[in-house]
Amino acid sequence: MSPPSATAVFLVLTLEPGGATVAREVLGEIEGLTRSFGFGHPEGRLTCVAGIGATAWEPLYGSPRPAALRPFRELAGPRHRAPATPGDLLLHLRAERPDLCFALAAELVRRLGDAARVQDEVQTFTYYDSRNLLGFVDGTENPVGDLAADTALVGEEDPVFAGGSYVVVQKYLHDMDAWGKLGTEEQERVVGRTKQTNLELTDAPGSHVDLNTLTGPDGSELRVLRAAMPFGRPGHGEFGTYFVVYARDPEVPATMLRRMFLGTDGAAGPDPILDFSRAVTGTAFFAPSARFLREASAA
Ligand code: HEM
């Protein structure tokens, strides 16, 4: 998952009635297709992760099912809402070159044909030194190496689904005018890090970083793996962050979202970043290992 890729495409689709057989076949072909499209261009680092939503699991793969797979639950806070929107399948394509993502996405959509309907498609890009469109470096505190795998991948707790990951995606649109009216120091207190030098502030209670710093019962930090990417159409006034998070335990990002949108038992929140960022989609998936997808489509 890390380091961040130069470009990513996100496709969220719903299954059409009777589409499960074709969709299962196509999902099983992703590994080989990614190899075919990426083979001559190793520097392009083309990858594609597929996620399956809770209600699509049964028609696609029956049982057993990933133990913690649930639909995304809408959150309605005092000031902000995180809507739940339709989504049975997620395709998260990443590469150093937009053409590789484009070509693979086009082939996958073509093969899915009438089996699935595209609900949302967003082409995203890395902006300067991994900044979001609010101007802050995004992704710094992501775990790397073994810790990233341990954070994102299901292990022995659910052996059939080991190597898979729970995924949440949300599309956010930013109010750039309102954000631009804040001074840099105020923006830094919203995020909880400095803008230019990307250092964590030690005294920013209630900031985005503060609300998302969680510790478990044993005092260790509860982590997730994020791969959020900017997108937009300046000519349409659209400036956004496509948020995606991978977790071994989906309760961790769910807790973060509750803290952001609902606050923390009256002590802090909701998250001030939401005054400038509106969630317009929300979907949850389980991304099985490539091996699971391959074997399930051959069965
Ligand atoms: C508009 C949407 C969002 C924006 C623009 C945004 C931006 C940022 C930025 C700039 C940072 C600091 C640098 C870093 O460590 O990455 C950060 C940290 C973080 N964000 Fe977000 N974020 C958004 C949504 C979310 C959501 C929905 C979640 C959780 C479900 C989340 C979880 C986190 C976590 C866990 C951290 C690291 C906290 C730490 O320092 O340990 N973010 N985010």
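# Close-up views of a predicted model

**View 1. Here is Phe292, a residue of helix H9.** Phe292 belongs to helix H9, which covers residues 290-298. Please keep in mind throughout that this is a predicted model. Is Phe292 buried or exposed? Phe292 counts as buried, because 20 C-beta neighbours lie inside 10 Å, and 20 or more is what a buried residue needs. Val26 makes a good second landmark for this view: Phe292 and Val26 are 266 residues apart in sequence, yet their C-alpha atoms are 13 Å apart in space.

**View 2. Stepping back, we can take in the protein chain as a whole.** The protein chain has nine helices and 14 strands. Its radius of gyration is 19 Å, close to the 19 Å that the globule rule gives for 299 residues, so the chain is as compact as a globular protein of that length. The C-alpha trace spans about 55 × 45 × 35 Å along its principal axes. Of the 299 residues in the chain, 43% are buried. Sequence distance is worth a thought here too: among contacts between residues at least 6 apart in sequence, 74% join residues at least 24 apart.

**View 3. The ligand sits within a shell of residues.** How many residues surround the ligand? There are 27, and the closest are Glu141, Tyr172, Asn212, Met256 and Ser277. Sorted by class, the shell has 14 nonpolar, nine polar and four charged residues. At least two shell residues come from each of these elements: strand S7 (165-174), helix H7 (208-211), strand S12 (238-247) and helix H8 (251-262). Which element gives the largest share? That is H8, with four residues.

**View 4. Strand S12 pairs with several other strands.** We met S12 as one of the contributors to the ligand shell, and here we look at its pairing. S12 is mostly covered, with nine of its ten residues buried. S7 runs antiparallel to S12, and eight bridges join the two. In that pairing, Leu173 stands opposite Gly240 of S12. Strand S10 (residues 225-226) also pairs with S12 in the antiparallel sense, over two bridges. There, Leu225 faces Tyr246 of S12 as its opposite number. One general point may help when you look along any strand: in a regular strand the side chains alternate between the two faces of the sheet.

**View 5. Strands S11 and S12 form a hairpin.** Strand S11 covers residues 229-233 and is joined to S12 by five bridges, with the two strands running antiparallel. Which residue of S12 is the bridge partner of Arg233? The partner is Glu238. Further along, Phe231 stands opposite Gly240, the residue of S12 that Leu173 also stands opposite. Between the two strands of the hairpin there are four residues, and Gly237 takes a positive phi near 70°.

**View 6. Val154 lies in a loop.** You can find Val154 in the loop between helix H4 (145-152) and S7. Although Val154 is in a loop, it is buried, with 24 other C-beta atoms within 10 Å. Leaving aside neighbours within four places in sequence, Val154 is in contact with Phe161, Ala162, Gly163, Gly164, Ser165 and Arg248. For a sense of distance, look for Thr283: it is 129 residues from Val154 along the chain, and the C-alpha atoms of the two are separated by 19 Å.

**View 7. Leu93 and Leu89 bring us to strand S5 and the nonpolar core.** Leu93 lies in strand S5, residues 89-95. With 26 C-beta neighbours inside 10 Å, Leu93 counts as buried. Not counting residues up to four places away in sequence, Leu93 touches Ala8, Val9, Cys48, Cys101, Leu104 and Ala105. Leu46 is a useful reference point as well, 47 residues from Leu93 in sequence and 7.3 Å away, C-alpha to C-alpha. Now turn to Leu89: the largest nonpolar core has 78 residues, and Ala50, Leu89 and Val167 touch the most other members. With residues up to four places away in sequence set aside, the residues that Leu89 touches include Leu13, Leu15, Ala23, Ala50 and Ile52.

Definitions and conventions:
Residues numbered from 1 in each chain as written. Predicted model: local features only at pLDDT ≥ 70, side-chain atom pairs only at ≥ 80, totals over all residues. Near = placed C-beta within 6 Å. Nonpolar A, V, L, I, M, F, W, Y, C, P; charged D, E, K, R; others polar. Rg over C-alpha atoms; globule rule 2.2 N^0.38 Å. Buried ≥ 20, exposed ≤ 12 C-beta atoms within 10 Å, placed from the backbone. Contact = placed C-beta atoms within 7 Å. Pairing = 2+ DSSP bridges. Core = buried A, V, L, I, M, F, W, Y, C linked by C-beta atoms within 7 Å.
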